Amino acid sequence: MTTKELTCVVCPMGCQITISLDEDGTVLSVEGNTCKRGDTYARNELTDPRRTLTSTVVILGGTDKLLPVKTDAPIPKKDLLRAREALRELTVTAPVACGDVLCTDFLGLGVSIVSGKTVEAC
Ligand code: SF4
């Protein structure tokens, strides 16, 4: 049996989680999480680690020059870099409301890019 330690990043509590695995890598137990989301996070972290991407994109014709954006669901960690680079090519035009969907099925990952702020046109 082996164990892996990780910190849950789902919420600011940052619970320290211990995962016990057998020789085949099968999860035997998950301990240290204080809610079900931590259990799910820990199991996914072993097989398909994902993160929500946050960044900014250029916004034209608005009161701000940059617009904070994020994916509406976590994406595979292995795709984070190319997703961040692809966002450099995305430009939007004001006005934009917080929560507006700016791009659907981003990079074929099945997630949308949404605005994190309202920016009025100027
Ligand atoms: S296990 Fe639950 S309470 Fe602990 S950090 Fe994760 S989400 Fe937050």
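In this predicted model, the C-alpha centres of domain 1 and domain 2 are 30 Å apart. Domain 1 covers residues 2–47, and domain 2 covers residues 54–115.

Within the range of domain 1, the strands can be followed from the N terminus. Strand β1 (residues 2–7) runs antiparallel to strand β2 (residues 16–21), and six bridges join the two. Thr7 has Gln16 as its bridge partner in β2. Strand β2 also pairs with strand β3 (residues 27–31), again antiparallel, through four bridges. Here Ser20 stands opposite Ser29 of β3. The connection between β2 and β3 is a hairpin with five intervening residues, and Gly25 in the turn has a positive phi of about 90°.

The ligand comes next. Around the ligand are Cys8, Val10, Cys11, Met13, Gly14 and Cys15, together with Asn33, Thr34, Cys35, Arg37 and Gly38. By residue class, this shell contains six nonpolar residues, four polar ones and one charged one.

The largest nonpolar core consists of 10 residues: Ile59, Leu67, Val69, Leu87, Val92, Val96, Phe106, Val111, Ile113 and Val119. Leu67 can serve as an entry point to this core. With neighbours within four places in sequence left aside, Leu67 is in contact with Thr56, Val57, Ile59, Val92, Val96, Ser115, Lys117 and Val119. A second core, separate from the largest one, has five residues, among them Cys8, Ile19, Tyr41 and Ala42. Cys8 thus appears both in this second core and among the residues surrounding the ligand.

Key: Residues are numbered from 1 along each chain as its sequence is written. This is a predicted model: local features need pLDDT of at least 70, side-chain atom pairs count only at pLDDT 80 or more; totals for chains, interfaces and linings use all residues. A residue is near a molecule or strand if its C-beta atom, placed from the backbone, lies within 6 Å of it. Ala, Val, Leu, Ile, Met, Phe, Trp, Tyr, Cys and Pro count as nonpolar, Asp, Glu, Lys and Arg as charged, and the others, Gly among them, as polar. A nonpolar core is a set of buried Ala, Val, Leu, Ile, Met, Phe, Trp, Tyr and Cys residues joined through C-beta atoms within 7 Å. A residue is buried if 20 or more other C-beta atoms lie within 10 Å of its own, exposed if 12 or fewer, and partly exposed in between; C-beta atoms are placed from the backbone. Two residues are in contact if their C-beta atoms, placed from the backbone, lie within 7 Å. Domain bounds come from an automatic or database domain assignment. Two strands pair if DSSP finds at least two bridges between them.
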